[in-house]
Amino acid sequence: MEMTSNVRRKNKQSLITSLPEDVIFDILARVPRCKYPTLSLVSKQLRSLVTSPEIYVRRSLLRVTEPCFYVLLYDSQSGDNRWYIIHPKANGNRCLVLIHSLPAMNPVASFVAVDTRIYVFGGRDDHTKYRALCIDCRFHTVEHLPSMPVPMSHAVVDIIDGKIYVIGDYYRGSNTVMAVFNTETKLWELGMTKPNIDFAGAFPTHCVVMDDKIYVRFIFKSFVYEPKKSQWEMEEMLSSNMWSYACVVDNILYYYDHWGNKLRTYDPKQRYWGAVKGLDLEELVPKRNIHWIHTVSYSGKLALIIAYEGGRTPLYLWSAEISLEIRQGGEIWGKVEWSDEVLSADNLQVRRFLAVMI
């Protein structure tokens with residue numbers, strides 16, 4: 001019986017390897033990425049194919065990329081900030097898995113996901129305050145980029161048209177500055193920019209991009225920057241809520257309102273605050289006392305990472321995917337596609353949550 005099984009396995013391998021390589025790439029590109037480690041054990045040829053850059057180019061061309069969720073966790077025991085990935089288990093549930101090949105991150109660095117990469121800017125000390133890195137999420141490798149033209153602390157970052165805008169306080173100073181990194185040329189634009197507006201000595205805490213404009217929260221006030229006009233303005237209506245850990249879908253901002261225990265929305269064109277209907281977060285998370293929720297967006301959907309207390313373990317992490325529907329009258333309704341408890345620990349805290357399309 002074992003011999004028959006081995007013969008069948010070898011026949012399947014020979015059938016696959018006898019196909020033209022271009023055909024094999026098309027087949028493998030349609031296979032879920034989480035299966036690639038298993039496929040790499042079949043043969044040296046398949047291992048070479050699923051670990052090549054070409055397979056990811058083909059996935060992009062065929063539009064079969066999938067969201068991969070990266071969570072930066074702070075370990076209070078070791079003092080490290082390490083990247084984890086939400087990984088599917090054999091039973092269909094999900095869990096957090098440490099990415100051993102990626103180094104610990106600086107605790108005050110800023111992060112932004114762009115295509116298949118995560119860009120990292122700045123740090124706390126003299127060795128990292130100018131640092132810029134690029135993490136290739138396809139292979140979990142790190143590339144050092146040209147140093148930042150100016151050191152920053154409390155920086156926020158986002159991208160418009162291939163340019164990453166890094167906005168923060170001048171290192172150990174009280175002046176807000178901005179630097180721009182071109183992801184195509186991998187170079188910084190010359191010099192830095194000092195915004196022509198008074199932020200009252202506050203530093204930026206969060207930012208999002210809507211309609212090719214950067215919306216930045218400075219503790220108690222929110223401002224908007226339009227790159228085409230190089231112009232800053234205060235956004236009064238956005239300032240009326242203390243939004244944080246937000247994301248954007250179709251130019252609508254989404255964030256978790258801790259006090260109201262709901263997902264709030266903001267439409268910058270209408271300058272109107274609303275809420276996602278059809279969701280009961282207390283039912284979504286079976287154990288109550290939610291601390292906070294980080295949100296990310298991808299392909300018109302939301303993903304959440306939820307931290308809450310419950311039982312004897314001080315901290316649980318729960319993740320969920322929410323699909324969105326705009327109904328007649330402009331109401332936004334949400335539906336939970338899946339939700340899983342991905343971690344329970346007493347020494348880990350979420351620093352950053354990102355979605356990368358691979």
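Analyst: Helices, of at least four residues, and strands, of at least two, are DSSP runs numbered from the N terminus. These names are used below for a model that is predicted.

User: Between which strands is the loop that holds serine 244?
Analyst: Serine 244 is placed by the strands on either side of its loop. One of them is strand E15, residues 231–234. The loop runs between E15 and E16.

User: Is serine 244 buried or exposed?
Analyst: The relative accessible area of serine 244 is 16%. A residue counts as buried under 20%. Serine 244 is therefore buried.

User: With which residues is serine 244 in contact, leaving aside its neighbours within four places in sequence?
Analyst: A contact here requires heavy atoms within 4.5 Å. Once neighbours within four places in sequence are set aside, serine 244 is in contact with His206, Arg217 and Tyr255.

User: How are the rings of tryptophan 83 and phenylalanine 111 arranged?
Analyst: The count for the model comes to 22 aromatic pairs. For tryptophan 83 and phenylalanine 111, the ring centres are 5.4 Å apart and the planes stand at 90°. Planes over 60 degrees apart meet the cut-off, so this pair is edge-to-face.

User: How many residues apart are tryptophan 83 and phenylalanine 111?
Analyst: The pair links distant parts of the chain. Tryptophan 83 belongs to strand E2 (residues 81–88), and phenylalanine 111 to strand E4 (residues 110–114). They are 28 residues apart.

User: Are tryptophan 83 and phenylalanine 111 buried or exposed?
Analyst: Tryptophan 83 has 0% relative accessibility and so counts as buried. Phenylalanine 111 stands at 4%. Because that value also falls under 20%, phenylalanine 111 likewise counts as buried.

User: Over which ring does the charged end of arginine 327 sit?
Analyst: The charged end of arginine 351 sits over the ring of tyrosine 74, 4.5 Å from its centre. The charged end of arginine 327 is 4.1 Å from the centre of its own partner ring, that of tryptophan 333.

User: Which element gives the most to the lining of the largest pocket?
Analyst: The largest pocket has a volume of about 1500 Å³. Of its 47 lining residues, the closest to the centre are Phe111, Val157, Cys207, Arg352 and Leu354. Elements giving two or more residues include E4, strand E8 (152–160) and strand E24 (348–357). With nine residues, the element that gives the most is E24.

User: How many residues of the lining of the largest pocket are nonpolar?
Analyst: The lining of the largest pocket divides into three classes. Five residues are charged and 10 are polar. The nonpolar residues number 32.

User: From which element does the largest share of the lining of the second largest pocket come?
Analyst: The second largest pocket has a volume of about 810 Å³. Among its 28 lining residues, Arg33, Cys34, Cys68, Ile85 and His87 are the closest to the centre. Helix H3 (36–39), strand E1 (67–75), E2 and strand E3 (94–98) each give two or more residues. The largest share, four residues, comes from E2.

User: What is the phi of serine 230?
Analyst: Most residues other than glycine have a negative phi. Serine 230, in the loop between E14 and E15, is not a glycine, yet its phi is positive. The value is about 50°.

User: Where is isoleucine 219?
Analyst: Isoleucine 219 has a positive phi, near 60°. At a relative accessible area of 22%, isoleucine 219 is partly exposed. Its place is in the loop between strand E13 (213–218) and strand E14 (221–226).

Notes. Residues are numbered from 1 along each chain as its sequence is written. This is a predicted model: local features need pLDDT of at least 70, side-chain atom pairs count only at pLDDT 80 or more; totals for chains, interfaces and linings use all residues. Side-chain values use heavy atoms; hydrogens and water are left out. Rings of Phe, Tyr and Trp (its six-membered ring) pair if their centres lie within 6.5 Å; planes under 30 degrees apart count as stacked, over 60 as edge-to-face and the rest as tilted. Buried means under 20% relative accessible area, exposed over 50%, partly exposed in between (1.4 Å probe, protein chains only). A charge sits over a ring if NZ of Lys or CZ of Arg is within 6 Å of the ring centre and within 35 degrees of the ring normal. On a 1 Å grid over the protein atoms alone, a cavity is a set of points where a 1.4 Å probe fits but cannot get out, and a pocket is an open set with protein on both sides within 12 Å along at least five of seven lines; lining residues have an atom within 4 Å of a point. Grid points are joined across faces, edges and corners, and a volume is the space filled by probe spheres set on the points. Ala, Val, Leu, Ile, Met, Phe, Trp, Tyr, Cys and Pro count as nonpolar, Asp, Glu, Lys and Arg as charged, and the others, Gly among them, as polar.
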